[in-house]
Amino acid sequence: MEVNTYSDLSHKILFQMECCSARQKRVVLLALLIFTAFYSTGAYDPLDPNGNITIKWDVVSWTPDGYVAVVTMNNFQMYRHINAPGWTLGWSWAKKEVIWSMVGAQTTEQGDCSKFKGNVPHCCKKTPIVVDLLPGVPYNQQFSNCCKGGVLASWGQDPVGSVSAFQVSVGLAGTSNKTVKLPKNFTLLGPGPGYTCGPAKVVPSTVFLTPDRRRKTQALMTWNVTCTYSQFLASKNPTCCVSLSTFYNDTITSCPTCACGCQNKHNCIKSNSKLLHKDGINTPKKDNTPLLQCTHHMCPVRVHWHVKINYKDYWRVKVAVTNFNYRMNYTLWTLAVQHPNLNNVTQVFSFDYKPLVPYESINDTGMFYGMKFYNDLLMEAGPFGNVQSEVLMKKDKDTFTFKQGWAFPRKVYFNGDECQMPPPESYPYLPNSAPEGSSAVTKLITSLLLIIWLLW
């Protein structure tokens, strides 16, 4: 039975449950729960366990009918950023609050403000939707860390660029710490779905330093909202895949077929198609619908890992990232890789590199990203739609081997989303050496199906 995704397997099993006893149904459901726990680890990112986006509201002054707050968005994710067209922040007011004015951002709709005479609010909606301003807006509309079109760099790549902020003046609201009602039902798009935000929580007031750094001031009230990312919420299928090759085997292990789902296979375009010369073919759509190059894997992005050279004390890997989406340029792209020998990286030739050590005692993960103004932009599909580099690593004689697929990465993430790896049994292997057995997922599926069959 071919199973490409968790959803495929669950549908097949639930279909078979229509004709089984109550006891067998319980066994099947138990097996499905076990598989869910095993398979859904991607919803929690073990390579960045503390990664989140924190939205902080600092009330800096009270007004006759409300308050003025500075809203700061901090991206504490090490390798997941928000690219164009940028973040979108929403919430629900607890009472009948309105937004009198904003600096550094704007709401997408004003709403019905017909009951106001003279001074009309910026937004009267119960559920305002806020977006960042574009670069180049007039100076009197700017605020510190604003006006980047909603682009938010990852903390690991650019801590300065991982902050966005704006100022909002709220009316018809509480005018003291006791009467203010916190907004609720926060939502964050970055730029698409994937983020889930918790409730606002009052925290100790933020302390600020004056420009001369000789005096401290304090917010009148502060509350935080924490938003976390789930790849399963963002996309039904992976958005990238991994292919492998080596110097010691002519076999090239390609990305799995339909690794990213084949829902776009009827709308893809061949690399030699005359349609590519049509005006506007590369123009992004409002709904971000991709235009993919026709491939067997149908992924927007492919990461290729090539074991290139073996020296006495070192070994060299070539890493190439290829874009197959004709409507997407990836700015500030990141590539996170987990491999045991990343604890001894000697040189990275064309990318910037930073070790990721979330557990301190384990140093097996690193983040690659483009050099600023050189290759930090991955162009759309075509002759310039790729970036590549080589990595030189020093061998640890106690652990280094080319056997059993040791030279290949354990996990690969592009822009914070985990890429689909090929099954281990298809890895290139040493001459005169048998390929490895089934993957852990394949073994688990087989075991579950065997249990179900025995109890049928």
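Author: A pocket is an open set of grid points with protein on both sides within 12 Å along at least five of seven lines, and its volume is the space filled by probe spheres set on the points. The model discussed here is predicted.

Reader: What volume does the second largest pocket have?

Author: The second largest pocket holds about 1,100 Å³ of space.

Reader: What makes a residue part of the lining of the second largest pocket, and how many residues line it?

Author: A lining residue has an atom within 4 Å of a point. In the second largest pocket, 42 residues are counted as lining. Nearest its centre lie Asn83, Thr239, Asn288, Met328 and Tyr330. Met328 and Tyr330 count as nonpolar, because Met and Tyr are on the nonpolar list. The lining as a whole has 19 nonpolar, 17 polar and 6 charged residues.

Reader: What makes β18 and β21 a pair?

Author: Strands pair if there are at least two bridges between them. β18 (residues 334-338) and β21 (residues 365-370) are joined by 5 bridges, so they pair. The two strands run antiparallel. One residue of β21, Thr365, is the bridge partner of Gln338.

Reader: Which strands are the edge strands of the open sheet that contains β18 and β21, and why are they called that?

Author: The sheet has 5 strands in the order β20-β21-β18-β24-β25, with antiparallel pairing. β20 (351-356) and β25 (417-418) are its edge strands: each pairs on one side only.

Reader: How do you know which strands pair with β13?

Author: The cut-off is again at least two bridges. β1 (residues 53-63) has 7 bridges to β13 (residues 221-229), so these strands pair. β9 (residues 195-197) has 3 bridges to β13, so this is a pair as well. β10 (residues 201-203) also has 3 bridges to β13 and therefore pairs with it. β1, β9 and β10 each run antiparallel to β13.

Reader: Which residues of β13 stand opposite Val59, Thr196 and Val202?

Author: Val59 stands opposite Met221. The bridge partner of Thr196 is Thr228, and that of Val202 is Trp223.

Reader: How do you know where the predictor has little confidence?

Author: The pLDDT gives the predictor's confidence in each residue, from 0 to 100. Its average over the protein is 87, and 85% of the residues score at least 70. Over residues 1-18 the pLDDT is below 50, and this stretch has 26 contacts beyond near neighbours in sequence. Residues 32-43 are also below 50, with 26 such contacts in the model. Where pLDDT is low, the predicted coordinates should not be read in detail.

How values were computed. Residues are numbered from 1 along each chain as its sequence is written. This is a predicted model: local features need pLDDT of at least 70, side-chain atom pairs count only at pLDDT 80 or more; totals for chains, interfaces and linings use all residues. Side-chain values use heavy atoms; hydrogens and water are left out. Helices (H or I, at least four residues) and strands (E, at least two) are DSSP runs, numbered from the N terminus. Contact means heavy atoms within 4.5 Å. On a 1 Å grid over the protein atoms alone, a cavity is a set of points where a 1.4 Å probe fits but cannot get out, and a pocket is an open set with protein on both sides within 12 Å along at least five of seven lines; lining residues have an atom within 4 Å of a point.
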